[in-house]
Amino acid sequence: MAQKNANSAARNNGGKKKKKKSRARTVVILLVEAVVLVGMLAALWVVTRATDSETGIQKVELQEEEIVINQAVQESEVLQGYYTVAFFGVDSTVGNLTSNTRSDTIMICSLNLDTKEVHLMSVYRDTYLNLSTGTYSKCNAAYAKGGPQQAISMLNMNLDLNITDFVTVGFKGLMDAVDALGGVWVDIDSEELLHINNYQISIAQSLYDQGVLDSASNYTPVTTTGYQLLDGLQATAYCRIRYTTGDDYKRTERQREVLLAMLDQAQTMDITALTKLVNNVFSNVYTSIELSEIISLLSDLNSYTVIDDGGFPFEEYRTSATMGNNIGSVVICTDLEAAVTQFHREFFDDYDYTPSEEVQEIAAKIYSDTSPYVSY
């Protein structure tokens, strides 16, 4: 436990840094701190293997002009001082990273270019929002309907953001990354112990059905509570636990916990171990990031401070309800304007922020659609 506390303290004690870092530098910071480690791994691969085509990475060129960014955001000087990227974990064991699969994990990572502070926040997957097309539903449907481009547009439209880059991984990508890191240290409580092995069984069966595992019983049961080293399958199962106190809200907390634990492990790795991580992970990553931007930035891994800002909507602005058979159980933001205002204050230190007209209209629509189901 002392190691865990020391790592947490190290993440929370960052100093001020010089201004105006390059966009390439911001890419590696965000990706590393999102703990997909794509930037760092990409750089290693380019250095050691020569060409992007050999990585197996699923690279996409997004049409930025087709990504929705609210007009007021395009004119924002505050947001110009930050680089923000979306991280999606999709409900897929192998492949199927591009679309037609819902994003179980939705995270926003934002780097302050002045301070090198990286903010990490989950967006609850069942939150009732505009999917960027005028259709309102659970926000994780955006990825299924239109892939990362629509999912990014959904985040931009509802939260007044200017995201144009993303990283997507599935179950297999997370498992491989954790295994290549040598596992991650996680504190398992008694409630989690009741469920983690059931999720292992489910994932192992799916991987066996797809020919990835030789046996559906090829997993190691977790048998005790307490702070312990989890392998890739165990950690992935831990991320999927939702039937405990806190439900899906607690699940997103577990996801961030694993990502930050991965960062702790990565900061102890040498080049040989990182190269192994590259070999294992890249075929299960889908991203818009240019690999050539980050070749020379590996030495910066320990220089950044990660701040875990929890989940959106914030607790004081959320409730839940069942909105009929077509939509089902949803998370409802009871005051989107206030919630987005708080988000910009915490993420971007913007104390003069005013929600855009688009966010105000979305807030009104959410109120109209949900008021028959909840008490305002």
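Helix 5 is mostly covered, with 16 of its 19 residues buried. In this predicted model, the helix makes a good starting point for a tour of the fold. A straight helix of 19 residues would span 27 Å at 1.5 Å a residue, yet helix 5 covers only 17 Å between its end C-alpha atoms. A bend of about 135° is found in helix 5 at Gly147, and a proline, Pro148, follows within four residues. Just after the helix, Asp160 adopts a positive phi of about 55°.

Helix 9 offers a useful companion to this picture. Its 20 residues reach 29 Å from the first C-alpha to the last, close to the 28 Å expected at 1.5 Å a residue. Of those 20 residues, 15 are buried, so helix 9 is largely enclosed by the rest of the structure. One residue of helix 9 is Asp264, which counts as buried because its relative accessibility is 12%. Asp264 and Leu181 lie 83 residues apart in sequence, while their C-alpha atoms are 9.7 Å apart in space.

Turning to the overall architecture, the protein contains 12 helices and 13 strands. Of its 376 residues, 56% are buried. Among contacts with a separation of 6 or more, 76% join residues that are 24 or more positions apart.

The largest nonpolar core holds 50 residues, and those with the most contacts inside it are Phe88, Ile108, Leu155, Phe312, Leu336 and Phe343. Several elements each supply at least two residues of this core: strand 2 (82-90), strand 3 (103-112), strand 4 (117-123), strand 5, helix 5 (141-159), strand 13 (329-333), helix 11 (336-348) and helix 12 (357-370). Helix 5 gives the most, with nine residues. Leu155 shows how such packing looks at the level of a single residue. Setting aside residues up to four places away in sequence, Leu155 touches Ala86, Phe88, Ile106, Ile108, Val123, Asp160, Leu161 and Ile163. A second, separate core of 44 residues includes Leu111, Leu181, Leu207 and Val285; Leu181 is also the residue whose C-alpha lies 9.7 Å from that of Asp264.

The segment that follows helix 5 is worth a closer look, with Asp160 as a meeting point. Val73, in helix 4 (residues 71-74), is buried because its relative accessible area is 4%. Although Val73 and Asp160 are 87 residues apart along the chain, 6.1 Å separates their C-alpha atoms. Beyond its neighbours within four places in sequence, Val73 is in contact with Leu79, Asp160, Leu161 and Asn162. Asp160 and Leu161 also appear among the residues touched by Leu155.

Helix 11 reaches this region through His344. This histidine is found in helix 11 and counts as buried because its relative accessibility is 2%. A polar atom of the His344 side chain lies 2.8 Å from the backbone oxygen of Leu159. Apart from neighbours within four places in sequence, His344 is in contact with Leu159, Asp160, Asp349, Asp350 and Tyr353. Asp160 is thus a contact of His344, of Val73 and of Leu155.

Another buried polar residue is found in a loop. Ser288 lies between strand 10 (285-287) and strand 11 (305-312), and counts as buried because its relative accessibility is 7%. Its side chain joins that of Asp165 in a polar contact of 2.8 Å. The Ser288 side chain also reaches the backbone nitrogen of Phe166, at 3.1 Å.

Confidence varies along the chain. The average pLDDT of the protein is 78, and 73% of the residues score at least 70. Confidence is highest in strand 5 (residues 128-130), at 98, and lowest in helix 3 (residues 38-49), at a mean of 39. Across residues 1-55 the pLDDT is below 50, and this stretch has 131 contacts in the model beyond near neighbours in sequence. Residues 292-299 also have a pLDDT below 50, and that stretch has 20 contacts beyond near neighbours in sequence. Where pLDDT is low, the predicted coordinates should not be read in detail.

Key: Residues are numbered from 1 along each chain as its sequence is written. This is a predicted model: local features need pLDDT of at least 70, side-chain atom pairs count only at pLDDT 80 or more; totals for chains, interfaces and linings use all residues. Side-chain values use heavy atoms; hydrogens and water are left out. pLDDT is the predictor's confidence in each residue, from 0 to 100. Contact means heavy atoms within 4.5 Å. A nonpolar core is a set of buried Ala, Val, Leu, Ile, Met, Phe, Trp, Tyr and Cys residues joined through side-chain atoms within 4.5 Å. Buried means under 20% relative accessible area, exposed over 50%, partly exposed in between (1.4 Å probe, protein chains only). The expected span of a helix is 1.5 Å times one less than its number of residues. The bend at a residue is the angle between axes fitted to the seven residues ending there and the seven starting there. A polar contact is a pair of N or O atoms within 3.5 Å; within protein, one must be able to donate a hydrogen and the other to accept it, and residues adjacent in sequence count only if both atoms are side-chain atoms.
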